[in-house]
Amino acid sequence: MTIHAANFRELRLDRLCRDFGSHNAVKDVSLTIRQGEFIALLGPSGCGKSTTLNLIAGLLPATGGGIWLDEKRIDPLRPEERGFGMVFQSYALFPHMSVRKNIGFGLKMRGMPKAESESRVAEAVALVRLQGQEDKLPGQLSGGQQQRVAIARAIAVQPPLVLMDEPLSNLDAKLRLEMRAEIRRIHNALGATTIYVTHDQEEALSLADRIVVMRDGEIRQVGGPEDLFSRPDHLDVAEFMGFRNKVSGKVASVANDLATVTVGNVGVTGRVRTKAAPGEVAHLSIRPEDLHPVPEGGAGLEAKVVSTEFHGREFVGFARMADDTPLTFLADRRIAPGTDIRLAADKERVLVFGGAA
Ligand code: ATP
């Protein structure tokens, strides 16, 4: 195979900053990415993930900090001097150029001899499985095929890094799943290093070797998918990782890494994630799928059912506590709105975040 990723050891972001006027879109972001890694930048809209990617690509100048590719400082370089492959949500293909010409564009720009460029394009076409479509125009292709062209164009130049900004957002749900698997397959086949921006936690969990969770322009947590999924270090990372229920209370007791938090008249026990001290406020994070109604007489968070929805395999219930805190839970049957219930989760499945997080 002639298409392979260019060699380097690591890309280092060192206290990278980007301000827009008085707004700090990216604040002191430091991160080391090793060759061959698939990194997801994950966070809600506006958290600074696209700005970070654009700083790495060179599409935006940084207002502070630096970017290093091994020993070389690259943030003063123009995008074409960095030579990274970019794949955007909008595909950004040239509409009047054939698939072949789109994919070969970067090679032509670099002055690669025709024969070599043709064989490189053929290989990229095969890698993204677009054989037979080479002479079509982008407008004659489906969304998924256009995205494949965009990926082939990005990798044809053998970039040290492939940067992807929400590349699957414009595809329907089924295609999105298919292309997700394709992107990981191509990454592995090339031995590429990929940085992938997404707001979709499932996409990040299923694709990435490491996930970088961003919030308000800062990195909140970096970790492997299993780690982030079960051991988030921050309340907002937990919320983003599917611990949708957030309940506040007062810490009653702490023993080893378990704390019991009093909410109303009940004590709820869970694993301490950030320091909890008796008498102080703490927040409980619980996934809806771990929260269930308890049988008559059992202890649990007291709430009133608002509605239940049938989701095929189970019922998803919505309830509110006396102070209006919303709770989402799983049930094995429909429960009438207005019913008083108690909801509980196994202590291993409850996270406790101490402090006023
Ligand atoms: P999204 O997924 O919605 O693009 P994001 O996490 O990628 O969100 P960014 O696009 O990086 O977020 O934007 C971060 C913050 O910087 C936002 O508050 C945004 O409004 C602001 N911002 C981004 N680009 C500019 C710009 N060119 N001028 C001014 N503010 C900007």
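1. R12 and T32 are bridge partners, with T32 sitting in β2. They belong to the pairing of β1 (residues 10-20) with β2 (residues 23-34), two antiparallel strands joined by eight bridges. A note on terms: strands are DSSP runs of E with at least two residues, helices are DSSP runs of H or I with at least four, and both are numbered from the N terminus. Two strands pair if DSSP finds at least two bridges between them. The two strands form a hairpin with two residues between them, and G21 in that turn has a positive phi of about 60°.

2. Some ground rules before going on. This is a predicted model, in which local features need pLDDT of at least 70 and side-chain atom pairs count only at pLDDT 80 or more, while totals for chains, interfaces and linings use all residues. Residues are numbered from 1 along each chain as its sequence is written.

3. Now the overall picture. The protein chain has nine helices and 20 strands, and its C-alpha trace spans about 80 × 45 × 35 Å along the principal axes. Of its 357 residues, 39% count as buried. Buried here is 20 or more other C-beta atoms within 10 Å of the residue's own, exposed is 12 or fewer, and partly exposed is in between, with C-beta atoms placed from the backbone. Taking the contacts with a separation of 6 or more, 68% are between residues 24 or more positions apart. A contact is a pair of residues whose C-beta atoms, placed from the backbone, lie within 7 Å.

4. On annotation, an unreviewed UniProt entry lists residues 11-241 as "domain: ABC transporter". Such annotations may be inferred rather than shown by experiment; the positions are given in the numbering used here, and feature names are shortened. In the model that span is 39% helix and 26% strand, with its end C-alpha atoms 26 Å apart.

5. Helix α4 (residues 114-127) is worth a look. Its 14 residues should span 20 Å at 1.5 Å a residue, and the end C-alpha atoms are 20 Å apart, which agrees. The expected span is 1.5 Å times one less than the number of residues. Buried in α4 are S117, R120, V121, A124, V125 and L127. They cover an arc of only 160° around the axis, which puts them on the same side of α4; the arc is that of the directions from the helix axis to the C-beta atoms. As background, an α-helix has 3.6 residues a turn, so residues three or four places apart point the same way. The exposed residues A115 and S119 are on the face of α4 turned away from its buried side.

6. What do the buried residues of α4 pack against? The partners are α3 (99-109), α5 (143-156) and α6 (173-190). Looking from α3, the buried residues there are V99, R100, N102, I103, G104, G106 and L107, and they pack against α4 and α5. Each of these two helices is followed by a residue with positive phi: G111 just after α3, at about 75°, and R129 just after α4, at about 60°.

7. Further along comes a closed barrel of five strands, β11-β12-β13-β20-β14, with mixed pairing. Its neighbouring strands are turned by 50° against each other on average, direction ignored. In this barrel, β11 (residues 245-255) and β12 (residues 258-263) run antiparallel and are joined by five bridges; A255 has L258 in β12 as its bridge partner.

8. There is also an open sheet of five strands, in the order β15-β19-β16-β17-β18, with antiparallel pairing. β15 and β18 (326-331) stand at the edges with a single partner strand each, so one side of each is left without a neighbour in the sheet. Six bridges join β18 to the antiparallel β17 (residues 315-320). In β18, L327 is the bridge partner of A319, and P326 stands opposite R320. The two strands form a hairpin with five residues between them, where D324 in the turn has a positive phi of about 85°.

9. Last, A299: buried or exposed? With 12 C-beta neighbours inside 10 Å, A299 counts as exposed. A299 lies in the loop between β15 (292-293) and β16 (301-310). Leaving aside neighbours within four places in sequence, A299 is in contact with V266, V294, R342 and A344. A299 is 280 residues from D19 in sequence and 50 Å from D19 in space, C-alpha to C-alpha.

Key: Contact = placed C-beta atoms within 7 Å. Axes fitted to C-alpha atoms, helices over the stretch in contact; angles between N-to-C directions.
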